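These are my notebook entries on a single protein chain, written down in the order in which I looked things up. I began with the overall picture and then moved to particular residues.

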Amino acid sequence: MADLAYGRHAVAEVPRRASRLAVPKPLLGWLLPALLALIWEAACRTGLVAPNLLPAPSAIFFTLYRLAATGDLWLHLGATIYRLGLGFALGTLFGTLLGALTGASVLARQVLDPMIQGLRSVPSIAWVPLFILWLGIFESSKIVLIAVGVFFPVYLNLMIGIAQVDRKLVEVGRVHRLSRAALVWRILLPASLPSYITGLRGGLGLGWMFVVAAELMAASEGVGFLLIDGQQTGRPALVIGAILLFAMLGKTSDLLLARIGKSLLGWQDVVGEG
């Protein structure tokens with residue numbers, strides 16, 4: 001009877017598994033954007049949407065294609081990725097150092113965290129005049145502005161992750177006479193790694209948002225410059241194309257970071273996997 005029941009269960013599972021495999025997992029996320037693009041294209045071609053306000057996806061594609069053919073697109077992409085990369089590295093460095101310090105030390109948290117939380121509420125655009133005064137209008141001010149955006153999610157998630165580590169793990173480290181630095185490195189940081197990865201992904205997302213504000217500061221190249229140039233010259237295809245480039249760059253970088261995080265957290269057995 002048990003074998004018969006198992007056989008029925010296996011037969012019932014076959015179509016269910018087949019339906020799951022009908023569409024490859026990596027392609028599932030593209031179904032909705034592709035459907036929206038088709039509807040959008042059809043609306044533009046039938047005259048339901050004014051092309052001077054909302055160009056068709058094909059027009060946006062050819063605008064970006066012409067930029068790529070001349071080489072200008074790669075110049076703008078390279079400038080934006082360069083700024084984001086340096087800003088992300090700088091913000092992550094300081095976010096990690098201060099997050100680890102305030103998470104591991106109650107005194108440091110009481111002294112530093114109120115001020116940092118207050119600064120976290122300052123809008124990104126409010127930093128622009130100050131950084132221009134301090135650092136000028138060149139690359140330094142842009143990179144520092146991006147680093148500010150990255151810093152706060154990394155700092156906050158790491159601090160909370162360390163502060164909420166199970167006290168029993170810390171007691172085990174003390175029993176083994178670990179130094180303060182070894183306790184942070186071998187127990188607190190690994191235990192807070194899931195929160196830290198979340199902070200890195202949040203910081204990366206904010207970094208892409210701050211790139212736009214950074215490239216408003218007298219930039220002559222970058223995807224943000226394309227966005228502003230399209231707005232000033234009345235080219236909506238360029239504006240939407242720049243927005244789509246930001247979306248694709250952000251999603252690609254987040255996917256890479258998520259893959260790295262997944263490999264580092266391979267020991268976890270969580271509900272969301274599968």
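**Entry 1: three aromatic rings.** I am working from a predicted model, and the first thing I looked up was a group of rings: F61, F62 and Y65 form one aromatic cluster. I then counted the aromatic pairs by the rule for ring centres, and the count came to seven. For F61 and F62 I found ring centres 5.5 Å apart and planes at 70°, so this pair is edge-to-face, since an angle over 60 degrees is what that word requires. For F61 and Y65 the centres are 6.3 Å apart and the planes stand at 20°, so I noted this pair as stacked, the limit being under 30 degrees.

I also asked myself how F61 and Y65 are placed along their helix. Both belong to helix α3 (residues 57-70), and because they are four residues apart there, about one helical turn separates them. An α-helix has 3.6 residues a turn, so residues three or four places apart point the same way. On accessibility, I wrote down that F62 is partly exposed, with a relative accessible area of 44%, whereas Y65 is exposed, at 52%, the dividing value being 50%.

**Entry 2: the chain as a whole.** Stepping back, I listed the secondary structure and found twelve helices and zero strands in the protein chain. Of the 274 residues in the chain, 37% are buried. I then took the contacts between residues at least 6 apart in sequence, and 72% of these join residues at least 24 apart.

**Entry 3: how two helices cross.** Next I looked at helix α5 (residues 106-120) and helix α7 (residues 139-163), whose axes come within 11 Å and cross at roughly 145°. The crossing of α5 and α7 is left-handed. Which residues make the contact? From α5 I noted R109, D113, I116, Q117, L119 and R120, and from α7 I noted F151, F152, Y155, L156, M159 and A163. Sorting the residues of this contact by type, I had eight nonpolar, one polar and three charged.

**Entry 4: a serine between two helices.** I looked up S192 and found it in the loop between α9 (180-191) and α10 (193-214). Is S192 buried or exposed? Its relative accessibility is 1%, so S192 counts as buried, the limit being under 20%. Setting aside the neighbours within four places in sequence, I found S192 in contact with L158, G161, I162 and V165.

**Entry 5: salt bridges.** My search of the whole structure gave six salt bridges, and I followed some of them in detail. E139 forms a salt bridge with R83, and the closest N and O atoms are 2.9 Å apart. This pair links distant parts of the chain, since E139 is in helix α7 and R83 is in helix α4 (residues 72-104), 56 residues apart.

R83 also forms a salt bridge with E215, where the closest N and O atoms are 2.8 Å apart. Here too distant parts of the chain are linked, with R83 in helix α4 and E215 in the loop between α10 and α11 (223-232), 132 residues apart. Putting these entries together, I recorded that R83, E139 and E215 are linked in a network of salt bridges.

How accessible is each member of this network? I found R83 buried, with a relative accessible area of 2%, and E215 buried, also with a value of 2%. E139, at 29% relative accessibility, counts as partly exposed.

I followed one further pair, D229 and R235, whose side chains meet in a salt bridge with a distance of 2.6 Å from N to O. R235 is at 40% relative accessibility and so counts as partly exposed.

**Entry 6: helix α11 and what covers it.** D229 led me to α11, where V223, G224, L226, L227, D229 and G230 are buried. What covers these buried residues of α11? I noted that the cover includes α3, α4, α10 and α12 (236-264). My last look was at G234, which follows α11 and has a positive phi, near 70°.

Methods
Residues numbered from 1 in each chain as written. Predicted model: local features only at pLDDT ≥ 70, side-chain atom pairs only at ≥ 80, totals over all residues. Heavy atoms only, no water. Phe/Tyr/Trp six-rings, centres within 6.5 Å; stacked < 30°, edge-to-face > 60°. Buried < 20%, exposed > 50% of the residue type's maximum accessible area, 1.4 Å probe, protein only. Axes fitted to C-alpha atoms, helices over the stretch in contact; angles between N-to-C directions. Left-handed = near helix turned anticlockwise from the far one by under 90°. Contact = heavy atoms within 4.5 Å. Nonpolar A, V, L, I, M, F, W, Y, C, P; charged D, E, K, R; others polar. Salt bridge = Lys/Arg side-chain N within 4 Å of Asp/Glu carboxyl O.
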